[in-house]
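Colleague: I am new to this structure and would like a close look at a single part of it. Could you take me through the surroundings of the ligand, and then place them in the wider chain?

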Amino acid sequence: TDFATFITGLPKAELHLHIEGSLEPELMFALAARNDVAIPFKTVDEVRAAYSFSNLQDFLDIYYAGASVLITEADFRDMAIAYFDRAAADGVVHAEIFFDPQTHTDRGIAFDTVMRGLLAGMAEAEAKHGLTSKLILCFLRHLSEEAAFETLAMAEPWLDRITGVGLDSSEVGHPPEKFARVFAAARAKGLKLVAHAGEEGPPAYVLQALDILGIDRLDHGNRSLEDPVLTARLARTGMTLTVCPLSNVKLCNVASIDEHPIDRMLREGLRATINSDDPAYFGGYIGENYRAAAIARGLGKPELATLARNSFLGSFLSDDEVAAHL
Ligand code: HPA
Ligand code: ZN
């Protein structure tokens, strides 16, 4: 349709994408065979049937199991280029992607293997599609502060190729304040700071992310809407929210796409963006997230253009680079 063509044709940045969450079942099987890794599924259909979640932890258990097929530099490259090919087809011209090094280093995969593979995929995406990208290293919040510090130390030789750090995995019970010191250390190294907050956790976690971690960008942030003072502050300060509509539905953070608050976020003056989070698990890449949200919430072309514009304003590109995209 005309509407779908308009969405695809809108140049956009993707700011909330876990590269391990882009691993499609077909590639998971191929890598399992290539690396002789056992996975608890016999067919691609069986895998897809297992992708039914009632909360974040349900999903995380399957997501970490899926990542076990990633062994070599080529595996990380293949996963990354598959994502970039798909993103480019949806009109993504810039992506700031999360990776979870601890998911790999804890299995004995070298940090350098992960980096070399992802960087190879990123270089290939730029050559092939003109799609630029940046890396954000996420600490797993269910693990310790000490483990996060060890991961930051492993990243040290690569810091010129890592734009920022983030915080993901099980939110409730692992508040941002647990990582206050490691975020301060990352800031001192010149890294940008982002954190998942207010996905399942309360508005108080968003406040901690702002006031204790000093984040530059807020991942999800949905539950901020429960606190009018916080919502007004996020709007006033121009904080970018990386919202993921289909993820919110799949993880039961909203009852259905018809009840998604994306339009309310825009009306409240929030700098909201639309992203795919873990597209291989949640049933759609960024274009499908724009389409589903637009149809369900009656977003028109001006709102869609605002969302795409917000994605560049909220990116970690330089002011000149942002201006070139607007
Ligand atoms: N939330 C928290 N951790 C994650 C997510 C998410 O949506 N995706 C991958 N790790
Ligand atoms: Zn996420």
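Modeller: A residue is counted as near a molecule if its C-beta atom, placed from the backbone, lies within 6 Å of it. In this predicted model, ligand 1 is surrounded on that basis by His18, Gly21, Leu56, Tyr63, Asp168, Ser169, His196, Glu199, Ser247, Asp277 and Asp278. Sorted by character, the residues of this shell divide into 2 nonpolar, 5 polar and 4 charged, with Leu56 and Tyr63 among the residues listed around the ligand, as are Asp168, Glu199, Asp277 and Asp278.

As for the wider chain, its secondary structure comes to 17 helices and 8 strands. The radius of gyration is 18 Å, close to the 20 Å that the globule rule gives for 326 residues, so the chain is as compact as a globular protein of that length. Along its principal axes, the C-alpha trace spans about 50 × 50 × 40 Å.

One helix pair can be followed in detail: helix H1, residues 2-9, packs with helix H15, residues 286-297, at an angle of about 135°, their axes being 10 Å apart. That angle makes H1 oblique to H15, and the crossing of the two helices is right-handed. On the side of H1 the contact is made by Ala4, Ile7 and Thr8, and on the side of H15 by Gly287, Tyr290 and Arg291. The residues of this contact between H1 and H15 divide into 3 nonpolar, 2 polar and 1 charged.

Note on methods: Residues numbered from 1 in each chain as written. Chains lettered and ligands numbered in written order. Predicted model: local features only at pLDDT ≥ 70, side-chain atom pairs only at ≥ 80, totals over all residues. Axes fitted to C-alpha atoms, helices over the stretch in contact; angles between N-to-C directions. Helix = DSSP H or I, 4+ residues; strand = E, 2+ residues; numbered from the N terminus. Parallel < 35°, antiparallel > 145°, perpendicular 65-115°, else oblique. Left-handed = near helix turned anticlockwise from the far one by under 90°. Contact = placed C-beta atoms within 7 Å. Nonpolar A, V, L, I, M, F, W, Y, C, P; charged D, E, K, R; others polar. Rg over C-alpha atoms; globule rule 2.2 N^0.38 Å.
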